[in-house]
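Here is a walk through the fold, sheet by sheet and helix by helix. Keep the 3D view open while you read.

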Amino acid sequence: MKNIFLISSVCIMLSLFSCKDIIVTEPESNLNVEDFEAAWNRINNVYPYLDFKKINWDSIHAVYRDRINNAKGDEFFIVFGDFLAELKDGHVYYRTKGGGEVYPYYPQRHFKDRHAYSPFVVIKYFDRELRLTESKSVEYEILPGNIGYLFISDFHEDYLINEFPGVMNYLKNTKGLIIDIRQKRGGGYDNVEAVVSRFITEPLEKPPYYRDGHLLELPPFQPAGSLAYTNPVVVIINGSTFSAGELCTEVLKQLPNVTAVGDTTGGGSVGSGDEGLYFLPSGKSMEIGFIDLRRYDNLPWEWLGVPPDIRVEQTEADILAGRDKQLEYAIEILK
C-alpha cells in the first residue's frame, strides 16, 4: 500500500544538475527512435493530465519523431528532454544508463519564490537555537510568546512516522503553532498522514484519488491517539512548496483551527509507485506518474497549486533585507 500511495519521492530537486548527469555517451546500437516511440506510447496510455492540460499528444509525436530521428550522439538527450518538458510536469524525469535524474521542467512559481525564503533569516526571530530531528527532516523550537514553530524539509522514507510524535510532544503546550512547508520537495503519502493525524480528533475524509480514471475509495485519516493539537495553527507555503507538501497543506486547510498563509504552491499532483519508473528499450528510464490526486474541490493541484487562505507575498528583496514577512504575519495571527 505504501508504494501505491508514494508521491514521487524525489519530486523536484531545486538545484541545477551537473553536466555528467545530463550527457552520457551511449556506445551501443542506436535505439533512439525505439526509445521515443516507447516513451510516447507509455505517456499516452497512463499520464492522467493530457486532456486537463490541453496537450495535443499526436502533434507532439509528429514534431519530435523527426527531431529524435535526426539527433546525433548525445543530442538525443537534449531532444528527449524537450519532449518530456512538453508535459510541463515537475515530477517527470529521465535517467541515462550511467547518469542521474534529469528534470526537464520546473514550475514557474518555484522560480518566483525559490529565493524568497531563507533559514538564516528565520533563525533571527528566535532567542535560542532550533532543535533538529535525527534525520534532519524537521527543525523546531518555541518562539517568544510561547508560539511553536516547525519546519518540514522532508516527507521521504519513514522519518516523520518515527520522529514527528516527539516533535509534537515538545510543542504540545504552546498556545499556537506555525508549520513551515516552504521549499518542500515532495515525499510519501504515509508521512503526510503521520503529520495530519496529530491534528485531528475524529476521522477525516481523504481528498479524491483517481487511478486509470476511476475514483478509488480510501479509508479516512485517523487520529493518532488522544493528544491531538487543537490550538490555532498557521501553515506557511509558497511557490516552492511541491507535491507531498501541497497534499499536506490541502488536508490541514480543512481543519477549523488551521490557516494557510503565504503564496500559491508550485502545482504537482501526479502520483506514482514502483510502476512509475519505466524502462526504455535501450536501458534508459523515465518516471511518468499515473495517479491523479485531487484537492477537496475535485480539481487537481497539478498546475493550479494549493492557494493560501491569506496571501502574503514575499520576495528575494525582503529576504536580503533580513525580513520574513510571511513568518511575521503568522506570528501576529497567533499572538
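A quick word on the names: helices and strands here are DSSP runs, at least four residues for a helix and at least two for a strand, numbered from the N terminus. Keep in mind, too, that this is a predicted model.

With that naming, Gly-276 sits in the loop between strand S13 (270–271) and S14. Is Gly-276 buried or exposed? Gly-276 is buried, because its relative accessible area is 0%, and buried means under 20%. Setting aside its neighbours within four places in sequence, Gly-276 touches Met-286, Glu-287, Ile-288 and Phe-290. Asp-190 is 86 residues away from Gly-276 along the chain, and their C-alpha atoms are 18 Å apart.

Just past that loop we get to an open sheet of 4 strands. Its order is S3-S2-S15-S14, and the pairing is antiparallel. Strand S3 (101–102) and strand S14 (277–279) are at the edges with a single partner strand each, so one side of each has no neighbour in the sheet. S14 pairs with strand S15 (residues 285–287) through 3 bridges in the antiparallel sense, and Leu-277 has Glu-287 in S15 as its bridge partner. Helix H5 (residues 75–85) lies across S15 and strand S2 (93–95), at about 155 degrees to S2.

Now for the other sheet. This one is open as well, with 7 strands in the order S4-S5-S6-S7-S11-S12-S17 and mixed pairing. Strand S4 (131–132) and strand S17 (310–311) are its edges; each has a single partner strand, so one side of each is left without a neighbour in the sheet. Here are three of the pairings, each with one pair of facing residues.

| Strands | Sense and bridges | Facing residues |
|---|---|---|
| S6 (residues 147–152) and S7 | parallel, 5 bridges | Tyr-149 opposite Ile-178 in S7 |
| S7 (residues 176–180) and S11 | parallel, 4 bridges | Ile-178 with Val-234 in S11 |
| S11 and S12 (residues 258–262) | parallel, 5 bridges | Val-233 opposite Val-258 in S12 |

From S11, the chain goes through helix H10 (residues 244–252) to S12, making a right-handed β-α-β crossover.

How many residues of strand S11 (residues 233–237) are buried? The count is 5 of its 5 residues, so to speak a mostly covered strand. Val-233, Val-235 and Ile-237 point one way from S11, Val-234 and Ile-236 point the other way, and all are buried.

Helices pack against this sheet too. H10 lies across S7, S11 and S12, and runs at about 150 degrees to S11. Helix H12 (residues 325–334) also packs on the sheet, where H12 touches strand S5 (138–143), S6, S7, S11, S12 and S17; the direction of H12 makes about 170 degrees with that of S11.

H10 has a helix partner as well. Helix H9 (residues 189–196) packs with H10 at an angle of about 35 degrees, their axes 10 Å apart, and the crossing is right-handed. Which residues make the contact? H9 brings Tyr-189, Val-192, Val-195 and Val-196, while H10 brings Ala-244, Leu-247, Cys-248, Val-251 and Leu-252. Sorted by class, the contact of H9 with H10 has 9 nonpolar residues, no polar ones and no charged ones.

Key:
Residues numbered from 1 in each chain as written. Predicted model: local features only at pLDDT ≥ 70, side-chain atom pairs only at ≥ 80, totals over all residues. Heavy atoms only, no water. Buried < 20%, exposed > 50% of the residue type's maximum accessible area, 1.4 Å probe, protein only. Pairing = 2+ DSSP bridges. Right-handed = clockwise from strand over helix to strand, strands pointing away. Contact = heavy atoms within 4.5 Å. Axes fitted to C-alpha atoms, helices over the stretch in contact; angles between N-to-C directions. Left-handed = near helix turned anticlockwise from the far one by under 90°. Nonpolar A, V, L, I, M, F, W, Y, C, P; charged D, E, K, R; others polar.
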